[in-house]
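Trainee: I should like to go through the charged pairs and the nonpolar packing of this model with you. May we begin once the structure is on display?

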Amino acid sequence: MQLFPTATTFAIFFCLLTLSQAYDIVREYSGITFFDEWDFFGSWDNLTLGDVYWLDESDAFSQGLAYVNSVGNAVIKVDNMHSVQSPQKRNSVRITTKDSYAVGSLWIFDFVHVPYGCSVWPAAWSLGGPTWPEGGEIDILEAVNVMPSNQMALHTTSGCFHNYTPPNQLGATLVTDCSTAAGCTVGELQPNSYGSGFAAMGGGVYAAQFDVAGLVIWFWSRANVPSSINQSNSTSGIDISQWGPPSASYLAAGQCNITEFFTPQQLILDITLCGNWAGLPEVYFPVCGNQGPTGICYNDNVVGDGSNYDNAYFEIPYIRAYTTGGVAPTPTATPFDIISKVDISTYPGYGSVTIPLSAITAAETGLNPSPMFFPGNGASVIGLGCVGWWMVSVGAILLIRLM
């Protein structure tokens, strides 16, 4: 009687098991029902001390800051229609999914446009609350002002690191300790991942794999989006085998125990202004100091008629969440040479330190929400609403036989 399976049997079984663990869709946020499964924040930015008031659901829709446009894309934006006087905050939107997604999840974000401009600080991220950073935070898209590319990050309690950069990671590792205020950051070196370049290319797609083997983030400009994504729909599963090398790859092995530092995550989209990254003098002034007479982020941007925020909006065809029944394969695609690599070393802000939530005190809550009411954009508001496994298996069988 054979006590152990042969290496061949083991490998075949493992491959079949892997195939059975393909990502299945669990929710799509899109179209007229996009907003149905999100909560609106409804408070001032007490997290990053930005100069915005994130409206509740009713006000966000009535003021035209959240809607579904004529082509069926969801839009959330900063108010660019009303004047703000000091010390008022400008109205904006932050939304959080009602669902939380556990380890074994995959998220795809299709953006036609992301917010940018002096003082603008958008983010597409996830949080395992409620006590930050104990449940971990995953920053998938985040940038400030007129940065030329995206910055990705993890935020955790002490003990999680990104000390080893995998050879197929396309981005540049900037900070390795995930418990620092800036988190363990990776700067995107591919062009057109943010700002006006992103918009000019018709947007693009971000994806994040949240798995026990690690956290992996991809970016593709519109022309390079994988066929498995372009051909997918609201009910189909997704194949990630041809996605290529990731922009950021935070491997768990020897660096960060994912299940120790991350709890189930809620997805979040928000836009804030200035605050403790975009508004830091050393980040803001070198690139945006000529925005107005004072050289101060709030004074020269937030205050005024808001016309400088015409590009401060997300336009989103869809966001999809997927799950798998077990451990998913870690991407091993060979990296490629990036044409026109972004030189992030010349731009202030990458790897910057931001103030942790614990540093916020009651004394810093002085600004008031802007008492605006806009009767609505009624006409436009449509709704709320498998070879490598062979090697692993052979090694495993040999190890078992030697024991």
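Trainee: In this predicted model, which residue forms a salt bridge with K89?

Mentor: K89 lies in strand β7 (residues 88-92), whereas its partner sits in the loop between β3 (43-44) and β4 (52-54), so the pair ties together parts that are 38 residues apart in sequence. The closest N and O atoms of the pair are 4.0 Å apart. The partner of K89 is D51.

Trainee: Is K89 buried or exposed, and what holds for D51?

Mentor: Buried means under 20% relative accessible area. K89 has 3% relative accessibility, so K89 counts as buried. D51 has 9% relative accessibility, and therefore D51 also counts as buried.

Trainee: Which residue forms a salt bridge with D110?

Mentor: D110 belongs to strand β9 (residues 105-111), and its partner to the loop between β16 (214-221) and α4 (227-230), so the bridge ties together parts that are 112 residues apart in sequence. At 7% relative accessibility D110 counts as buried, while the partner, at 26%, counts as partly exposed. With the closest N and O atoms 2.9 Å apart, the residue paired with D110 is R222.

Trainee: How far apart are the closest N and O atoms in the salt bridge of R320 with E28?

Mentor: This pair links distant parts of the chain, with R320 in strand β20 (residues 318-323) and E28 in strand β1 (residues 24-30), 292 residues apart. R320 counts as buried because its relative accessibility is 6%, whereas E28, at 23%, counts as partly exposed. The closest N and O atoms are separated by 2.5 Å.

Trainee: How many salt bridges does the structure hold?

Mentor: The pairs discussed include K89 with D51 and D110 with R222. For the structure, the number of salt bridges is 6.

Trainee: Turning to the nonpolar packing, which strand gives the largest share of the largest nonpolar core?

Mentor: That core has 83 residues, and those with the most contacts inside it are F34, F35, W107, F111 and L269. The largest share comes to 4 residues, and the strand that supplies them, spanning residues 266-273, is β18.

Trainee: Where sequence neighbours within four places are left aside, which residues are in contact with L269?

Mentor: L269 is one of the residues with the most contacts inside the largest core. Its partners include R94, A123 and A124. Also in contact with L269 are F34, W38, I76, V93, I95, F111, I316 and I319.

Trainee: How many residues has the other core that lies apart from it?

Mentor: Among the members of this other core are W218, I238, W243 and Y318. Its residues number 16.

Terms used
Residues are numbered from 1 along each chain as its sequence is written. This is a predicted model: local features need pLDDT of at least 70, side-chain atom pairs count only at pLDDT 80 or more; totals for chains, interfaces and linings use all residues. Side-chain values use heavy atoms; hydrogens and water are left out. A nonpolar core is a set of buried Ala, Val, Leu, Ile, Met, Phe, Trp, Tyr and Cys residues joined through side-chain atoms within 4.5 Å. Buried means under 20% relative accessible area, exposed over 50%, partly exposed in between (1.4 Å probe, protein chains only). Helices (H or I, at least four residues) and strands (E, at least two) are DSSP runs, numbered from the N terminus. Contact means heavy atoms within 4.5 Å. A salt bridge is a side-chain nitrogen of Lys or Arg within 4 Å of a carboxyl oxygen of Asp or Glu.
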